[in-house]
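Visitor: I have a model to look through. Could you take me around it by question and answer?

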Amino acid sequence: MKNDTSIHNNPEWLDANLTLRCLTPADRTAHEEMSKIIYDGLPDKEMLIPMTKEEYDDTYTDENEDVVYGVFDGENLIATSSLLHDVRAYSVNSELSEVLKHKCIEIGESMVLTEYRGKGLMLKLNELIKAEAQRQGVKYMLATAHPNNTASNTSLKRLGYKVIKEFIRAGKRRNLLVMEIDQES
């Protein structure tokens, strides 16, 4: 996993009792447990496609270039967002044929525990993802969100994403969202 050394543990946008850092392979279990808590608490399981064991295996290795940002309340992981390099799943979308010829990443595993929502954590974490993608020379950022997931869709649109279409991913309805990164910013 890659570590973004440009981040500060206590940025001004974060409540004083919370900390920010890049996750490491040692944080894998905490990430999986937080994802399970969120998924199990959803009244509509369509809202989240959790990472598979294989995806966690791929992300949580020292060799991988993925970056996972985490917000902690003490020792407890309360929010994550991931910059994921494996975008092969998007190749089924003909609308992306030109986009996928360029360096792309996916924002994934963007989630916040229920009791910490409404504080803009998802948007701030995704702004970090965008800045890291820009540093890595990424041309396009890809994402999916359930069409009825207002928080995720709003956060992604505020970041600069555009909805391309609705489609089925892993058997669940999703908006396909794409953002071109301006390398001059």
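Guide: Contact here means heavy atoms within 4.5 Å. The model is a predicted one.

Visitor: Leaving aside neighbours within four places in sequence, which residues is Glu 65 in contact with?

Guide: Glu 65 sits in the loop between helix 2 and strand 2. Its neighbours within four places are set aside. What remains is Lys 2, His 85 and Gln 136.

Visitor: How far apart are the C-alpha atoms of Glu 65 and Lys 2?

Guide: Along the chain, 63 residues lie from one to the other. In space, their C-alpha atoms are separated by 5.0 Å.

Visitor: Is Glu 65 buried, partly exposed or exposed?

Guide: Buried means under 20% relative accessible area, and exposed means over 50%. Glu 65 has 44%. That value lies in between, so Glu 65 is partly exposed.

Visitor: What is the strand order of the open sheet?

Guide: The sheet has 7 strands, and their pairing is mixed. The order is 1-2-3-4-5-7-6.

Visitor: Why is one side of strand 1 and of strand 6 left without a neighbour in the sheet?

Guide: Strand 1 covers 18–22 and strand 6 covers 162–169. Both stand at the edges of the sheet. One side of each is left free because each has a single partner strand.

Visitor: What does the twist average from one strand to the next?

Guide: The twist is taken between one strand and the next. Its average is 25°.

Visitor: How do strand 4 and strand 5 run, parallel or antiparallel?

Guide: Strand 4 spans residues 104–112 and strand 5 spans residues 140–145. Ile 105 stands opposite Met 141 of strand 5. The two strands are joined by 3 bridges and run parallel.

Visitor: What angle does the direction of helix 4 make with that of strand 5?

Guide: Helix 4, residues 150–159, packs on the sheet. It touches strand 4, strand 5, strand 6 and strand 7. Its direction and that of strand 5 make about 165°.

Visitor: How many bridges join strand 6 to strand 7?

Guide: These strands run antiparallel. Lys 162 stands opposite Val 178 in strand 7. The bridges number 7.

Visitor: Which residue takes a positive phi in the hairpin of strand 6 and strand 7?

Guide: The hairpin has 2 residues between the strands. The phi in question is near 55°. The residue is Ala 170.

Visitor: Which helix gives the largest share of the largest nonpolar core?

Guide: That core has 45 residues. Leu 20, Tyr 69, Val 71, Ile 78, Met 141 and Tyr 161 have the most contacts inside it. The largest share is 6 residues, and it comes from helix 3.

Visitor: How many residues does the other core have?

Guide: This core lies apart from the largest one. Among its residues are Leu 96, Val 99, Cys 104 and Tyr 140. The count is 10 residues.

Visitor: What length does helix 3 reach from its first C-alpha to its last?

Guide: Helix 3 has 15 residues. At 1.5 Å a residue, 21 Å is expected. The helix comes close to that, reaching 21 Å.

Visitor: What do the buried residues of helix 3 pack against?

Guide: Those buried residues include Leu 121, Leu 125, Ile 129 and Ala 133. Glu 132 and Gln 134 are also among them. Their packing partners are strand 1, strand 2, strand 3, strand 4, strand 5 and helix 4.

Visitor: Which residue with a positive phi follows helix 3?

Guide: The phi is near 75°. The residue is Gly 137.

Visitor: Which residue forms a salt bridge with Asp 27?

Guide: The structure holds 15 salt bridges. In this one, Asp 27 counts as buried at 9% relative accessibility. Its partner is partly exposed at 30%. The side chains meet at 2.7 Å, N to O, and the partner is Arg 21.

Visitor: How many residues apart in sequence are the parts that Asp 57 and Arg 28 tie together?

Guide: Their side chains meet in a salt bridge of 2.6 Å, N to O. Asp 57 lies in helix 2 and Arg 28 in helix 1, so the pair ties together parts of the chain separated by 29 residues.

Visitor: Which residues join Arg 28 and Asp 57 in one salt-bridge network?

Guide: The network arises from salt bridges that share partners. Besides Arg 28 and Asp 57, it holds Glu 32 and Lys 53.

Notes. Residues numbered from 1 in each chain as written. Predicted model: local features only at pLDDT ≥ 70, side-chain atom pairs only at ≥ 80, totals over all residues. Heavy atoms only, no water. Pairing = 2+ DSSP bridges. Helix = DSSP H or I, 4+ residues; strand = E, 2+ residues; numbered from the N terminus. Axes fitted to C-alpha atoms, helices over the stretch in contact; angles between N-to-C directions. Core = buried A, V, L, I, M, F, W, Y, C linked by side-chain atoms within 4.5 Å. Buried < 20%, exposed > 50% of the residue type's maximum accessible area, 1.4 Å probe, protein only. Salt bridge = Lys/Arg side-chain N within 4 Å of Asp/Glu carboxyl O. Expected span 1.5 Å × (residues − 1).
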